[in-house]
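Colleague: Could you walk me through this model in a few questions and answers?

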Amino acid sequence: GGEEGKGDKAAPAALVPRLGDLGTGRLDAFGYAGALSDFTGEVGRVAVEKATRRDAVMVRHCLRAIFACYSLLTSLPLSGKGNAKKIDAVKNNLRKLEAIEYDLAVRFNQKGPSMSSLNNADDGGGEDGSRED
């Protein structure tokens, strides 16, 4: 980690710390879910800004980060209405970013990732987000 370009090869799960990784005991599941939910909102705002510049590669990285958060949250033993709202917020952020990624692909004839490629370390995209098939 920390090297330029290494983040491109990281597995999506490595993009987000797990609840047990925090180790302080000061953050409960509700706080953790809330922090990840807020984070995905911020990542979504970055993606919108990058989309206005037609930066499909960064939009794809943002989409992968939000997908990783959603996958992590849905795998945790969270219960209660408050946590469900946080998970729904992340799901909505994921859907919005999927729409942005799709719109970029359609408008600028760039192929976007499939949902399965969000889990793969290498999505096959080039520097400009395009693919040679």
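Modeller: Happily! This is a predicted model, so local features need pLDDT of at least 70 and side-chain atom pairs count only at pLDDT 80 or more, while totals for chains, interfaces and linings use all residues. Residues are numbered from 1 along each chain as its sequence is written, and side-chain values use heavy atoms, with hydrogens and water left out.

Colleague: Where is arginine 54, and is it buried or exposed?

Modeller: Arginine 54 sits in the loop between α2 and α3; helices here are DSSP runs (H or I, at least four residues), numbered from the N terminus. Buried means under 20% relative accessible area, exposed over 50% and partly exposed in between, with a 1.4 Å probe and protein chains only. Because its relative accessibility is 52%, arginine 54 counts as exposed.

Colleague: Which element gives the most residues to the largest nonpolar core?

Modeller: A nonpolar core is a set of buried Ala, Val, Leu, Ile, Met, Phe, Trp, Tyr and Cys residues joined through side-chain atoms within 4.5 Å. The largest one has 19 residues, and Leu73 is among those with the most contacts inside it. Two or more residues come from each of α2 (29–52), α3 (56–75) and α4 (81–108). With 9 residues, the one giving the most is α3.

Colleague: What do the buried residues of α4 pack against?

Modeller: These buried residues include Ile87, Val90, Leu94 and Leu97. Judged by contact (heavy atoms within 4.5 Å), the buried residues of α4 pack against α2 and α3.
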